[in-house]
Amino acid sequence: MTSRQSHYKADDSPTLVNYDKDNDTLRIKPRALNIIWGGDPRYWRISQGAGSAELLQVSWLEVTGQVDLSKFLKKGKEYKLKFVVELRPDNFGWGDFPVYLMVRVGLDRRIWKKDFLKSKCSGEIFEVPAEQHLTFRVPDRVRDEKLSFGLYEIWKGRWKGGLVIHEVIIAPAAHHA
């Protein structure tokens, strides 16, 4: 008997996390993320390879990831993190409720930003957060070499759908990637 997982666990394939050394930019594809309810095709459609992840419907949005700081990001430097997403024309449930983004360097405190998706144009690819960047600094010394991050809307309990995640980008805060 086969068991199916209701949550999608990140694929650790190196082709899903691309580091552009020249621009010091990291691009993470959706299959390299942990997606709550992502293993159930009633709730998410996750493309093979480097494709997108499409939220069909959930009341609990939680998409998280983790990268090894020692392999990618430079100590002492400031970065910004953003999700590159799209809203399908038939999206629903975003209303006046924000999504929250979080980043945590090692064991430091979590840094949070919120953004509202409802004001965005359907069918167009955009970045979240759009206005104020979610920035963090990699300290010279960290107790844990992991960078954790996520996109959430878990508090309102409303059904939502029509969100497509294309990738996560971590880039130096000084320029746009």
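**Entry 1: the turn at Asp24**

I started with Asp24, which sits in the loop between strand S1 (17-20) and strand S2 (25-28). This is a predicted model, so I am reading a prediction here. I looked up the backbone angle: phi of Asp24 is positive, about 55°, although the residue is not a glycine. Is Asp24 buried or exposed? I found it buried, with a relative accessible area of 2%; the cut-off for buried is under 20%.

Then I looked at the two strands on either side. S1 and S2 form a hairpin with 4 residues between them, and Asp24 belongs to the turn. The strands pair in the antiparallel sense over 4 bridges. I picked one bridge to follow: Asn18 has Arg27 in S2 as its partner. A reminder to myself: strands of a sheet pair through backbone hydrogen bonds, either parallel or antiparallel.

**Entry 2: Trp37 and His7**

Next I looked for another positive phi and landed on Trp37. Its phi is near 70°, and Trp37 is not a glycine either. I found Trp37 in the loop between strand S3 (34-35) and strand S4 (44-46). Trp37 is partly exposed, with a relative accessible area of 32%.

What does His7 touch, not counting residues up to four places away in sequence? I got Ile35, Ile36, Trp37, Gly38 and Gly39, so Trp37 turns up again, where touching means heavy atoms within 4.5 Å. His7 itself lies in the segment before S1. I noted it as partly exposed, at a relative accessible area of 36%. I also checked His7 against Asn34: they are 27 residues apart in sequence, and their C-alpha atoms are 7.6 Å apart in space.

**Entry 3: a cis bond**

I went through the peptide bonds and wrote one down. The bond from Val128 to Pro129 is cis, with omega near 0°. Pro129 is in the loop between strand S10 (125-128) and strand S11 (134-137).

**Entry 4: along S11 and past its end**

I stayed with S11 and looked at which way its side chains point. They alternate: Leu134 and Phe136 point to one face and are buried, while Thr135 and Arg137 point to the other face and are not buried.

Which strand residue is bridged to Phe136 in S11? It is Tyr79. S11 pairs with S7 in the antiparallel sense over 4 bridges. I listed the contacts of Phe136 as well, leaving out residues up to four places away in sequence; among them are Leu73, Tyr79, Leu81, Val105, Ile111, Leu147 and Ile170.

Val138 comes up in the loop between S11 and S12. I found Val138 buried, at 1% relative accessibility. Beyond its neighbours within four places in sequence, Val138 is in contact with residues including Leu69, Leu73, Gly76, Tyr79 and Val105. I tried one distance too: Val138 and Gly123 are 15 residues apart in sequence, yet 34 Å apart in space from C-alpha to C-alpha.

**Entry 5: the nonpolar core**

Phe136 showed up again when I looked up the largest nonpolar core. That core has 43 residues, and the ones touching the most other members are Trp44, Leu61, Phe83, Phe136 and Leu163. Which strand gives the most to this core? It is strand S7 (residues 78-92), with 5 residues.

**Entry 6: an open sheet**

I traced a sheet from strand to strand. 5 strands form an open sheet in the order S3-S6-S12-S8-S9, and the pairing is antiparallel. The edges are S3 and strand S9 (111-115), each of which pairs on one side only. At the S9 end, 5 bridges join S9 to strand S8 (residues 99-105), and the two run antiparallel. One bridge I wrote down: Met102 has Trp112 in S9 as its partner.

**Entry 7: the largest pocket**

Last job: pockets. Rolling a probe the size of a water molecule over the atoms shows where empty space is left. The largest pocket holds about 420 Å³ of space. It is lined by 19 residues, and the closest to its centre are Asp11, Asp12, Val17, Gln66 and Val67.

Which strand gives the most to this lining? I found that S6 does, with 5 residues. Strand S6 (61-68) and strand S12 (146-153) each supply at least two of the lining residues. I sorted the lining by class and got 8 nonpolar, 5 polar and 6 charged residues.

Key
Residues numbered from 1 in each chain as written. Predicted model: local features only at pLDDT ≥ 70, side-chain atom pairs only at ≥ 80, totals over all residues. Heavy atoms only, no water. 1 Å grid on protein atoms, 1.4 Å probe; cavity = no way out; pocket = protein on both sides within 12 Å on 5 of 7 lines; lining within 4 Å. Points joined across faces, edges and corners; volume = space filled by probe spheres on them. Nonpolar A, V, L, I, M, F, W, Y, C, P; charged D, E, K, R; others polar. Buried < 20%, exposed > 50% of the residue type's maximum accessible area, 1.4 Å probe, protein only. Core = buried A, V, L, I, M, F, W, Y, C linked by side-chain atoms within 4.5 Å. Pairing = 2+ DSSP bridges.
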